Amino acid sequence: MLLMDRENLLVPGWSHVLSTSNDLAELDALRRRVGAPPQALHRRAGRPHLDLKLVPRELALLDPAVQVFADTRALLRAWTEAQSR
């Protein structure tokens, strides 16, 4: 499942997208669907994610496969809970 904050608390105009299973293929599929560049995908060990802005961000916010959270704290809380399951 993909999780996204409506807006990054530290960087207005940007959003993070995380996969509850840390699935790079799932993140990359969304990146391609919304037209984000390859460098939007960060393959960090432990918490790979997408950083999105502009049109790709707006498209991801509307994607039915993405669960959107009000802020980054709520996003990270949900992701952490998913990791403990």
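This text walks through strand β1 and then turns to Arg57. The model is predicted.

Start at strand β1, which spans residues 2–5. Which residues cover its two faces, and are they buried or exposed? Leu2 and Met4 lie on one side, Leu3 and Asp5 on the other. All four are buried, so that both faces of β1 are covered.

Now look at the strands that pair with β1. One is β2, residues 14–19. The two run antiparallel and are joined by three bridges. Within this pairing, Met4 stands opposite Val17 of β2. Another partner is β5, residues 66–69. Here the sense is parallel, and four bridges link β5 to β1. Leu2 has Val66 of β5 as its bridge partner.

Next, move to helix α2, residues 54–62, where Arg57 is found. Is Arg57 buried or exposed? Its relative accessibility is 10%. Buried means under 20%, so Arg57 counts as buried.

What does the side chain of Arg57 meet? One of its polar atoms lies 2.6 Å from the backbone oxygen of Arg6. The side chain of Arg57 also makes a polar contact of 2.9 Å with the side chain of Ser15. Leaving aside residues up to four places away in sequence, Arg57 touches Met4, Arg6, Glu7, Gly13, Trp14, Ser15 and Leu52.

This list leads back to the strands. Met4, touched by Arg57, is one of the buried residues of β1. Met4 is also the residue that stands opposite Val17 in β2.

Terms used
Residues numbered from 1 in each chain as written. Predicted model: local features only at pLDDT ≥ 70, side-chain atom pairs only at ≥ 80, totals over all residues. Heavy atoms only, no water. Buried < 20%, exposed > 50% of the residue type's maximum accessible area, 1.4 Å probe, protein only. Pairing = 2+ DSSP bridges. Polar contact = N/O pair within 3.5 Å; in protein donor to acceptor, adjacent residues only side chain to side chain. Contact = heavy atoms within 4.5 Å.
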